[in-house]
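Reader: I have a model open on my screen and would like to understand the labels used for it. Could you take me through them?

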Amino acid sequence: FPGVHMILCKMKIFYATIFLPAAAAFVATSTPRRIPATFLQSSPFDEFLGNIFGKDEDKDKSRNKDSDIINDEEINISSFQQELTKRQQQQPQQELETDIDNAITDANKEEEEEEEFDGYMMRDAIYNKFGECFDVDFNKVDSYGFRSVYLNIMPFRLGGKRFRHETELDYLCHLQAVVEILQKYDQLDYVLAQLDETTKKPRAGTSPLIAVPLRLDLTEEQVNQIMG
């Protein structure tokens, strides 16, 4: 079949000369090209530019950091000044409150000291002055139309025959009652001062008996309240 053979020969020529080159060109254009690694490496010119602009960026970062530090310092100084002003304004008020607290504390201490004085301490004060635990009693005196009250240190000592209290406990209870009366009318310090300053001493061997009078500074109403 010469005709069929001729057709096959023409098809082979077409395939070799036209179809294969066209297919190769199409595959080449559709496939991504691989860029050699050497093209990705930086050049000396790139490094030069990087050094210049990189230093500028570092300087900008350093300047921003320094600016942040300065701003923080300004904030800290401003806060410190505000706190200092606030404390200076509060100081006079705090000093006033401190003075008031100190005055109240001193007053409380004085009250506590006065309250702490009791019958035992009165007994000790009498003993330290005269060397004996003498009895005491209130005595009313009328003179020229005026009535006064004295606390007499009587010449009757603890353990003596004429001592009116049966036991020392009775004596201490009596002194405690006397101290409470003196404290009530604010006479305790006045009486103790007279006791310390007097040069007299109770004497039982005389006629009349000698007592040591300690005067109370009272109003007429207070005298009546004590003596009844």
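Author: Happily; here is a short talk about salt bridges and one helix. The model is predicted, so local features need pLDDT of at least 70 and side-chain atom pairs count only at pLDDT 80 or more, while totals for chains, interfaces and linings use all residues. Residues are numbered from 1 along each chain as its sequence is written, and side-chain values use heavy atoms, with hydrogens and water left out.

Reader: Why is the contact between arginine 123 and aspartate 124 called a salt bridge?

Author: A salt bridge needs a side-chain nitrogen of Lys or Arg within 4 Å of a carboxyl oxygen of Asp or Glu. For arginine 123 and aspartate 124 the closest N and O atoms are 3.3 Å apart, so the pair fits the definition. By this rule the count comes to 5 salt bridges.

Reader: What makes arginine 123 buried or exposed?

Author: Buried means under 20% relative accessible area, exposed over 50%, and partly exposed in between, using a 1.4 Å probe and protein chains only. Arginine 123 has 17%, so it counts as buried. Aspartate 124, at 34%, is partly exposed.

Reader: How do you know that glutamate 168 and arginine 123 form a salt bridge, and what does the pair tie together?

Author: Their closest N and O atoms are 2.8 Å apart. Glutamate 168 lies in helix H4 (residues 168–184) and arginine 123 in helix H3 (residues 119–130), so the pair ties together parts 45 residues apart in sequence. Helices (H or I, at least four residues) and strands (E, at least two) are DSSP runs, numbered from the N terminus. Glutamate 168 is partly exposed, with 36% relative accessibility.

Reader: What about arginine 164 and aspartate 135?

Author: Their side chains meet in a salt bridge at 2.5 Å, N to O. Arginine 164 is in the loop between strand S2 (146–157) and H4, and aspartate 135 is in strand S1 (residues 134–143), 29 residues apart. Aspartate 135 has 3% relative accessibility, so it is buried, whereas arginine 164, at 47%, is partly exposed.

Reader: Why are the buried residues of helix H5 said to be on the same side?

Author: The buried residues of H5 (residues 188–197) are Leu188, Val191, Gln194 and Leu195. They cover an arc of only 135 degrees around the axis, which puts them on the same side of H5; the arc is that of the directions from the helix axis to the C-beta atoms. The face turned away from the buried side carries the exposed residues Asp189, Asp196 and Glu197.
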